[in-house]
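Thanks for coming. I will take a few minutes to walk through one structure for those who have not seen it before.

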Amino acid sequence: MNALNIDLLTLQEDSFEATYILRDEYFNSLDNAEIKGGDVCSEVTLTRVSPTEFSLSLKIAGAVIVPCDRCLDDMAQPVKGEAEYAVRLGQATDVDGEVITVDEKDGSLPLAWPIYETIALAIPIKHIHAPGKCNDAMTKKLDELSATRSGDEEAGDAVDPRWAGLDKLKN
């Protein structure tokens with residue numbers, strides 16, 4: 001994780017660019033239940049705006065391992081995203097939205113969490129295997145349970161008397 005830190009105090013150039021390949025070790029070190037692993041390329045560009053302010057640009061592309069919403073088996077989910085941050089030297093290290101304040105005594109900009117947030121925001125809300133790729137046993141069980149549920153509704157066609165009055169108005 002130390003490789004994902006940039007020392008702002010020793011930065012010689014007005015611009016810094018790096019590419020990081022993030023694999024399972026990175027995701028496992030963050031102890032996140034949602035993302036179980038992956039292979040993501042992260043391009044980092046840091047540009048000096050003033051002696052104490054910087055502009056940070058993150059671009060990510062790759063795939064992460066997340067559980068399928070339907071069968072709960074692991075699946076590779078492609079991700080692609082970008083994020084922009086303002087970085088400044090200050091009294092203590094803090095992240096407030098899109099502004100990262102780095103302790104001016106330490107000067108070390110940690111990138112692990114901003115990169116993770118960029119990846120997490122690039123994951124679609126719904127992640128499901130392609131048709132026919134879900135776990136067969138789980139799919140069969142889901143079909144049984146959904147058939148039982150819909151069968152129960154059909155068997156109980158009796159309408160609640162409170163709604164029957166509304167049906168009369170509707171007709």
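I will go through the sheet, then the salt bridges, then a surface patch and one buried residue.

One caution before the details: this is a predicted model.

Let me start with the sheet. Six strands make up an open sheet, and their order across it is β2-β3-β4-β5-β7-β6. The pairing is mixed. As general background, strands of a sheet pair through backbone hydrogen bonds, and they do so either parallel or antiparallel.

Which strands stand at the edges? They are β2, residues 15-22, and β6, residues 94-96. Each has a single partner strand, so one side of each is left without a neighbour in the sheet. From one strand to the next, the twist averages 20°.

Within the sheet, look at β4, residues 53-67, and β5, residues 74-90. These two run antiparallel, and 15 bridges join them. If you want one position to find on the screen, take Lys-59, which stands opposite Glu-82 in β5.

A helix packs on this sheet: α2, residues 112-122. Helix α2 touches β2, β3, β4, β5 and β7. The direction of α2 makes about 140° with that of β5.

Now the salt bridges. How many does a search of the whole structure find? The search finds four, and I will show three, with the distances between their closest N and O atoms.

Arg-48 pairs with Asp-14, where the closest N and O atoms are 3.5 Å apart. Arg-48 lies in strand β3, while Asp-14 is in the loop between β1 and β2, so the pair ties together parts that are 34 residues apart in sequence. Arg-48 has 24% relative accessibility and therefore counts as partly exposed.

Next is Lys-36 with Asp-74, at 3.1 Å between the closest N and O atoms. Where do the two partners lie? Lys-36 is in the loop between α1 and β3, and Asp-74 is in strand β5, so this pair links parts that are 38 residues apart in sequence. Lys-36 is partly exposed, at 38% relative accessibility. Asp-74 is partly exposed too, with a relative accessible area of 43%.

Then there is Lys-141 with Glu-144, whose closest N and O atoms are 4.0 Å apart. Both residues sit in helix α3, residues 136-155. Because they are three residues apart in that helix, about one helical turn separates them. Lys-141 is partly exposed, with a relative accessible area of 44%, and Glu-144 is partly exposed at 47% relative accessibility.

On to the surface. Trp-163, Leu-166 and Leu-169 form a nonpolar patch there, and together they have about 380 Å² of accessible area. Leu-166 belongs to helix α4, residues 161-170. At 43% relative accessibility, Leu-166 counts as partly exposed.

The last residue is Ser-108, in strand β8, residues 108-110. Is Ser-108 buried or exposed? With a relative accessible area of 19%, Ser-108 is buried, because the cut-off for buried is under 20%. Leaving aside residues up to four places away in sequence, Ser-108 touches Asn-5, Ile-6, Asp-7 and Val-102.

That is the end of the tour. If you look at the model again afterwards, begin with the strand order, β2-β3-β4-β5-β7-β6, and then find helix α2 packed on the sheet.

Technical notes. Residues are numbered from 1 along each chain as its sequence is written. This is a predicted model: local features need pLDDT of at least 70, side-chain atom pairs count only at pLDDT 80 or more; totals for chains, interfaces and linings use all residues. Side-chain values use heavy atoms; hydrogens and water are left out. Two strands pair if DSSP finds at least two bridges between them. Helices (H or I, at least four residues) and strands (E, at least two) are DSSP runs, numbered from the N terminus. Axes are lines fitted to C-alpha atoms, for helices over the stretch in contact, and angles run from 0 to 180 degrees between N-to-C directions. Contact means heavy atoms within 4.5 Å. Patches are made of residues with over 30% relative accessible area and no salt bridge: like charges are joined within 9 Å, nonpolar side chains (Val, Leu, Ile, Met, Phe, Trp, Tyr) within 5 Å. Accessible areas come from the Shrake-Rupley method with a 1.4 Å probe; for residues, only the protein chains shown count as cover. A salt bridge is a side-chain nitrogen of Lys or Arg within 4 Å of a carboxyl oxygen of Asp or Glu. Buried means under 20% relative accessible area, exposed over 50%, partly exposed in between (1.4 Å probe, protein chains only).
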